[in-house]
Amino acid sequence: LKKAAALAVGQTIGTWIPIPGITEEIREKYMGKVVNVFDVPSLDLATQITGDQREYLIQIAYPAVNFGTDLPLLITALLGNDASTSAQVKLLDIEFPEEFARKFRGPRYGIEGIQKFAGISNRPILLNMIKPCTGLTPREGARIFYETALGGVDFIKDDELFGNPVYSKPEERVRAYREAAEAAYEKTGERVKYFVNITSGAGEIMENVKRAEDAGADGLMINFAAMGYSVLKHVAEHTVLPILGHSAGTGMCFEGAMNGMASPLAVGKLARLAGADIVMINTPYGGYPLLHQKYMQTVAQLTLPFYDIKPSMPSIGGGVHPGMVEKYIREVGKDVVLAAGGAVQGHPGGAAAGARAMRQAIEIVMSGQPFEKAAAEKDELRTALTQWNYIKS
């Protein structure tokens, strides 16, 4: 209880020793207050306690007036000062009062808006990230874009590692990829939309936005884990383009057992509050040991009702291939972006075949047909399932 009280004071008005100038009015208006302290697990008998170490869940109320709509200051108030210097604590969740949440617009499009933007509402949206991740000139990337677009993907984005190198400026990629999209449209009748990665330093970000808009970008991608939630919020408030928020690097926020914040908060709630229309999230199936519970909780934080803030569409990446489509749709539903990278470019028949295999898998699952039986009749899908060890050759 003393530690909880010290945190409530130390994170708001005080320090580790009594100081002059703190009045009763300051305490009442600006000091944090301990709401609850729970022992975990909840024990009631002395005979149930073994060992010397105990763990607790501490709930503290912070005056929202202390940080207004400043997300960096909010995070500093919750994770800085005493929480990072004199206590081992992990931030599990933030309950925002409605009057505070109303100060944030959140996603401009949301799930329904993204579906209208894509012209797709009856199935998952298929996204591809161009591989190799780096090293491609705009013209070289456009060739891969064109081949991939022929296979029927809906969105194509840059890899998160590919931003603003000297050999491929974002606006140059936009122009080259638009030409590739138009060329593919002439053959398929489907126009692929391109999300360009504008992640950069804070001083360049809005110039990147303007150049991408002027070049005709369909959407923007920002790595909010590297740039910060406030930069994402600023961009979202100053562009009419949909935003795909990437979470690459959030592991440093949530991998600690006794510091940082929980992944559903870092990847889900805060990214949604800041304005990401689509959020790239991780899963337990791509080699990363993310708990299934946290994966599902992140989806919930992105999609469940949150005052008047629109839901963000989850984009599932890492280990996405045709053999996983049925599992993802069963767990998350159809209102999701399936982000397949290597499974498209790495298909033995090429990127177009890889994209077709993903589309075939999606169509079979959405039709309700027995998957393996229907897949055996699709050449590209059958090859992909064999390649990814879903069906033994």
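# Briefing: helices, aromatic rings and backbone geometry

Tyr307 sits in the loop between helix H14 (292–303) and strand E9 (313–317). Helices (H or I, at least four residues) and strands (E, at least two) are DSSP runs, numbered from the N terminus. This is a predicted model: local features need pLDDT of at least 70, side-chain atom pairs count only at pLDDT 80 or more, and totals for chains, interfaces and linings use all residues. Residues are numbered from 1 along each chain as its sequence is written, and side-chain values use heavy atoms, with hydrogens and water left out.

**Tyr307 and unusual backbone geometry**

- Most residues other than glycine have a negative phi, and most peptide bonds are trans.
- Tyr307 has a positive phi, near 50 degrees, and is not a glycine.
- Tyr307 is partly exposed, at 40% relative accessible area; buried means under 20%, exposed over 50%, and partly exposed in between (1.4 Å probe, protein chains only).
- Val40 and Pro41 are joined by a cis peptide bond, with omega about 0 degrees.
- Pro41 belongs to the loop between strand E1 (33–40) and strand E2 (55–61).
- Another cis bond runs from Lys131 to Pro132, with omega near 5 degrees.
- Pro132 is in the loop between strand E3 (125–129) and H7.

**Aromatic rings**

- The whole structure holds 16 aromatic pairs. Rings of Phe, Tyr and Trp (its six-membered ring) pair if their centres lie within 6.5 Å; planes under 30 degrees apart count as stacked, over 60 as edge-to-face and the rest as tilted.
- Tyr109 and Phe117 form an edge-to-face pair, because their ring centres are 6.1 Å apart and their planes stand at 70 degrees.
- Tyr109 is partly exposed, with a relative accessible area of 22%, whereas Phe117 counts as buried at 18%.
- Tyr307 joins Phe67, Phe96, Phe100, Phe104 and Phe306 in one aromatic cluster.

**Helices H8 and H17**

- Helix H8 (residues 170–188) has 19 residues, which should span 27 Å at 1.5 Å a residue; its end C-alpha atoms are 26 Å apart, which agrees. The expected span is 1.5 Å times one less than the number of residues.
- Buried residues of H8 include Pro170, Val174, Tyr177 and Ala181.
- The buried residues of H8 pack against helix H7 (138–150), strand E5 (193–197) and helix H9 (205–215); contact means heavy atoms within 4.5 Å.
- Gly189, just after H8, has a positive phi of about 80 degrees.
- Helix H17 (residues 351–367) has 17 residues and an expected span of 24 Å; its end C-alpha atoms are 24 Å apart, which agrees.
- In H17, 13 of the 17 residues are buried, so the helix is largely enclosed by the rest of the structure.
- Gly368, just after H17, takes a positive phi of about 85 degrees.

**Packing of H11 on H13**

- The axes of helix H11 (residues 229–237) and helix H13 (residues 263–274) come within 8 Å and cross at roughly 35 degrees. Axes are lines fitted to C-alpha atoms, for helices over the stretch in contact, and angles run from 0 to 180 degrees between N-to-C directions.
- H11 contributes Tyr229, Leu232, Lys233 and Ala236 to the contact, and H13 contributes Ala266, Leu270, Ala271 and Ala274.

**Glu380**

- Glu380 is in helix H19 (residues 379–387).
- Leaving out residues up to four places away in sequence, Glu380 touches His347, Ala353, Arg356, Ala357 and Gln360.
- Glu380 and Arg123 are 257 residues apart along the chain, with their C-alpha atoms separated by 20 Å.
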